[in-house]
Amino acid sequence: MATSRALKKVPPNPRKILVFQTAFLGDVLLAIPLLKAIKYKWPNCFLGIVCRRGAGEILLHGGVVDEIIEVEKSDSKSLKRAFRQTKDFHPNIIFSPHQSFRTALWIWRLKSQLKIGFKKSWNRFAFLGRKIRENSDHDVLRQLKLMECVGLNLNDIPPEIKTLTLDIQGSPSEISLKKPYAVLSPGSQWNTKRWTPEGFTEIGKKLEKTGRQVVIVGTTSEKEIANQISSQLNSAVNLCGQTSVFELAQVLRDADILFCNDSGAMHVASVVETPLVSVFGPTVPGQGYSPWNKKARIAEVTLSCRPCGSHGHVKCPIGTHDCMKQISAESVWALGEGLL
């Protein structure tokens with residue numbers, strides 16, 4: 001077996017270990033337990049991660065990695081620079097929860113005593129240690145099982161290692177918020193994963209009635225939808241495009257609750273253990289990307305067309321978008337009210 005062959009190649013005290021996870025922000029954050037597990041097995045190793053630009057700072061400040069190599073995958077100069085950085089890193093072991101061919105080819109070009117990834121029919125050339133990726137598992141557990149290739153079984157990993165929780169200190173330097181406040185995150189990388197603006201507006205109004213300030217977060221491209229919501233509220237603070245991922249974590253850490261879609265913000269809230277309600281439409285929790293957070297609740301409706309994909313779509317494949325339109329503000333609020 002590939003795993004047993006990998007065990008024979010595990011260096012007893014690897015000096016440098018590199019993890020590749022260049023997928024979306026949520027995927028990077030769900031790798032936190034894997035990063036913790038690596039540090040648990042080898043406390044003195046120097047741990048680096050290759051990730052998308054903007055996703056690494058929170059891991060560095062949270063103390064789970066020692067170096068970040070960030071890449072803009074659509075920028076050839078950024079890719080070349082990142083490749084040089086990984087080559088100069090000289091890792092003894094490479095882990096790759098990311099499954100793309102480009103990543104496998106990148107790793108194949110690097111020198112390392114042991115390379116570990118998920119088993120694919122085509123990637124034997126890149127990895128000595130390969131684990132079958134169990135679709136029925138949560139992604140946190142899927143990634144942690146890569147540690148079996150180095151002799152650390154899931155049952156031997158302490159519970160505190162299996163959490164997303166990081167110690168996020170400080171406050172955003174130029175952002176001042178009045179407590180108590182609650183956060184709305186109405187955006188998503190995928191259009192069909194966005195609950196209705198009207199729904200978020202109703203939640204915002206209910207939050208204001210509780211005496212909480214409403215804070216809206218998101219990317220620069222989500223400003224329009226945030227403005228649409230904030231214009232219907234009394235005194236909402238719109239931070240869209242104004243926070244890095246690390247600053248978003250600082251904002252969410254002190255929030256009473258987050259209302260969001262199945263998005264990166266949902267996983268950031270889990271890092272700081274903020275209660276949250278997430279609206280799931282085209283995706284379902286059973287795909288393994290639900291919030292890894294005991295204080296989380298999920299709003300969804302049962303439809304035969306769900307899930308319609310692993311990420312969502314630009315437009316609803318059947319033209320109804322009922323998976324979002326049928327979720328009422330009252331049902332979402334009821335879930336959140338139990339967490340306040």
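How many disulfides does the count come to? Keep that in mind while you scroll through the structure, and remember that you are looking at a predicted model.

1. **The cysteines.** The count comes to 0 disulfides. Take Cys51 as a case: the nearest cysteine sulfur belongs to Cys45, and it sits 16 Å away. Cys51 is also buried, with a relative accessible area of 0%. Cys260 tells a similar story. Its closest cysteine sulfur is in Cys240, 13 Å off, so the two are too far apart for a bond. With 1% relative accessibility, Cys260 counts as buried too.

2. **The main core.** Next, have a look at the inside. The largest nonpolar core has 66 residues. Ile38, Ile58, Leu59, Phe95, Val183 and Val271 are the ones with the most contacts inside this core. If you want to know which helix gives the most, that is α10, covering residues 245-253, with 6 residues in the core.

3. **A closer look at Ile38, and a second core.** Leaving aside residues up to four places away in sequence, Ile38 touches Ile17, Val19, Cys45, Leu47, Phe95 and Met147. You may recognise Phe95, which is listed with Ile38 among the core residues with the most contacts. Apart from this core lies another, made of 26 residues. Its members include Ile225, Cys240, Val277 and Ile327.

4. **Helix α11.** Is this helix mostly covered or mostly open? Mostly covered: 7 of the 8 residues in α11 (264-271) are buried. The buried ones are Ala265, Met266, His267, Val268, Ala269, Ser270 and Val271. Val271 also turns up among the residues with the most contacts in the largest core. Ser270, for its part, helps to line the second largest pocket.

5. **Glu273, just past the helix.** After α11 comes Glu273, in the loop that leads from α11 to β11 (276-279). Its phi is positive, about 60°, although Glu273 is not a glycine. That deserves a second look, because most residues other than glycine have a negative phi. Glu273 is partly exposed, at 42% relative accessible area.

6. **His90, another positive phi.** You can find His90 in the loop between α5 (76-89) and β4 (93-96). Its phi is near 55°, again a positive value in a residue that is not glycine. His90 counts as exposed, because its relative accessibility is 53% and the cut-off for exposed is over 50%.

7. **Two cis peptide bonds.** Most peptide bonds are trans, which makes these two worth finding on screen. One joins Lys179 and Pro180, with omega at about -5°. Pro180 is in the loop between α7 (139-144) and β7 (181-185). Another cis bond joins Arg306 and Pro307, also with omega at about -5°. Look for Pro307 in the loop between β12 (296-299) and α12 (322-325).

8. **The cavity.** How many cavities of 30 Å³ or more does a search of the whole structure find? The search finds 1. The largest cavity holds about 50 Å³ of space. Its lining includes Ser96, His98, Phe118, Lys120 and Trp122. Helix α6 and strand β5 (114-118) each supply at least two of the lining residues. Sorted by class, the lining has 4 nonpolar, 7 polar and 1 charged residues.

9. **The second largest pocket.** This pocket has a volume of about 270 Å³. Thr163, Leu164, Thr165, Ser270, Glu273, Trp292, Asn293, Lys294 and Lys295 line it. So Glu273, the residue with the positive phi, appears here as a lining residue. By class, the lining divides into 2 nonpolar, 4 polar and 3 charged residues.

10. **Leu105 and Lys295.** Leu105 belongs to helix α6, residues 101-108, and is partly exposed at 33% relative accessible area. Lys295, which lines the second largest pocket, is 190 residues from Leu105 in sequence. In space, the two are 39 Å apart, C-alpha to C-alpha.

How values were computed. Residues are numbered from 1 along each chain as its sequence is written. This is a predicted model: local features need pLDDT of at least 70, side-chain atom pairs count only at pLDDT 80 or more; totals for chains, interfaces and linings use all residues. Side-chain values use heavy atoms; hydrogens and water are left out. On a 1 Å grid over the protein atoms alone, a cavity is a set of points where a 1.4 Å probe fits but cannot get out, and a pocket is an open set with protein on both sides within 12 Å along at least five of seven lines; lining residues have an atom within 4 Å of a point. Grid points are joined across faces, edges and corners, and a volume is the space filled by probe spheres set on the points. Ala, Val, Leu, Ile, Met, Phe, Trp, Tyr, Cys and Pro count as nonpolar, Asp, Glu, Lys and Arg as charged, and the others, Gly among them, as polar. A nonpolar core is a set of buried Ala, Val, Leu, Ile, Met, Phe, Trp, Tyr and Cys residues joined through side-chain atoms within 4.5 Å. Buried means under 20% relative accessible area, exposed over 50%, partly exposed in between (1.4 Å probe, protein chains only). Helices (H or I, at least four residues) and strands (E, at least two) are DSSP runs, numbered from the N terminus. Contact means heavy atoms within 4.5 Å. A disulfide is a pair of cysteine sulfur atoms within 2.5 Å.
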